Amino acid sequence: SRSSVVSTFHYLIYETLLGFDSTLNKYVPALATHWKISEDKKTFTYRLDPTARWSDGTEVTADDILATFEHVMNADRKDPGISRRFRETIESMRVIDKLTVEIRCKVAKWRSFLTISAGQLIFPAAYIRMDGQTYIDEWNWKLPPGTGPYLLDPEDIKPGRSITVRRRKDWWAKDKPEYLGWYNFDRITWTVIRDPELVYTKFLAGELD
């Protein structure tokens with residue numbers, strides 16, 4: 001889970017509640033269109049985009065947000081750094097309605113809003129509510145549906161050889177003006193090369209970017 005390659009393709013397959021525009025130096029909508037920070041800076045409320053959809057066609061709901069943070073906080077996922085960070089950060093969560101969720105933190109910290117809003121990818125509740133051992137045993141080589149612009153099919157995972165993601169034609173946000181010119185590649189492949197010298201040789205030969 002700490003692999004930079006895994007993070008790279010995860011951010012093509014899944015999305016966060018908000019984005020952060022480094023040019024504007026401000027938060028921008030992603031899965032959530034609206035958000036609110038309480039006066040004491042500890043409670044964050046998010047309103048989801050009603051058009052947001054998972055790759056299986058189902059709508060994104062507040063329960064997915066709740067399930068995602070339950071998932072990353074759960075120690076039985078065997079990712080102690082992440083589970084400890086979120087357990088130390090989050091005090092409580094509640095679904096207000098189908099598209100609205102509230103997350104309250106234990107203490108007021110600017111980084112909490114960044115981590116929760118723009119740092120955590122959102123997963124579908126229908127696929128991640130399970131015990132930790134099942135998750136570890138059965139989900140090493142497959143992924144739950146995502147909301148992002150790319151898809152990873154099981155046949156495109158070739159252990160020890162390569163991983164390929166393919167652009168979705170039905171991505172829910174493809175017509176939004178803020179994504180004009182983004183995600184232009186139909187297919188992106190990561191090739192496994194175990195020998196550093198071979199990596200260099202392939203680079204000189206123009207076989208690697």
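# Helix α2, its core and Q133

User: What makes α2 mostly covered in this predicted model?

Analyst: In this predicted model, 10 of the 12 residues of α2 are buried, and on that count the helix is mostly covered. The buried residues include A62, D64, I65 and F69, each of which therefore has under 20% relative accessible area.

User: How do you know what span is expected for α2?

Analyst: The expected span is 1.5 Å times one less than the number of residues, and for the 12 residues of α2 this is given as 16 Å, to which the 17 Å from its first C-alpha to its last is close.

User: What does α2 give to the largest nonpolar core?

Analyst: α2 gives 5 residues, the largest share of this core. The core has 29 residues, of which L17, Y46, F69, F86 and I116 touch the most other members.

User: Which residues is F69 in contact with, leaving aside its neighbours within four places in sequence?

Analyst: With those neighbours left aside, F69 is in contact with F86, I90, M93, I103, I116, Q120 and I122. There is also a second, separate core of 14 residues, which includes Y14, L121, I128 and I157.

User: Why is Q133 called partly exposed?

Analyst: Q133 has a relative accessible area of 45%, and because partly exposed covers what lies between under 20% and over 50%, this value places Q133 in that class. Q133 lies in helix α6, residues 132-138.

User: How far apart are Q133 and K78 in sequence and in space?

Analyst: Q133 and K78 are 55 residues apart in sequence, while their C-alpha atoms are 9.1 Å apart in space.

How values were computed:
Residues numbered from 1 in each chain as written. Predicted model: local features only at pLDDT ≥ 70, side-chain atom pairs only at ≥ 80, totals over all residues. Heavy atoms only, no water. Core = buried A, V, L, I, M, F, W, Y, C linked by side-chain atoms within 4.5 Å. Buried < 20%, exposed > 50% of the residue type's maximum accessible area, 1.4 Å probe, protein only. Helix = DSSP H or I, 4+ residues; strand = E, 2+ residues; numbered from the N terminus. Contact = heavy atoms within 4.5 Å.
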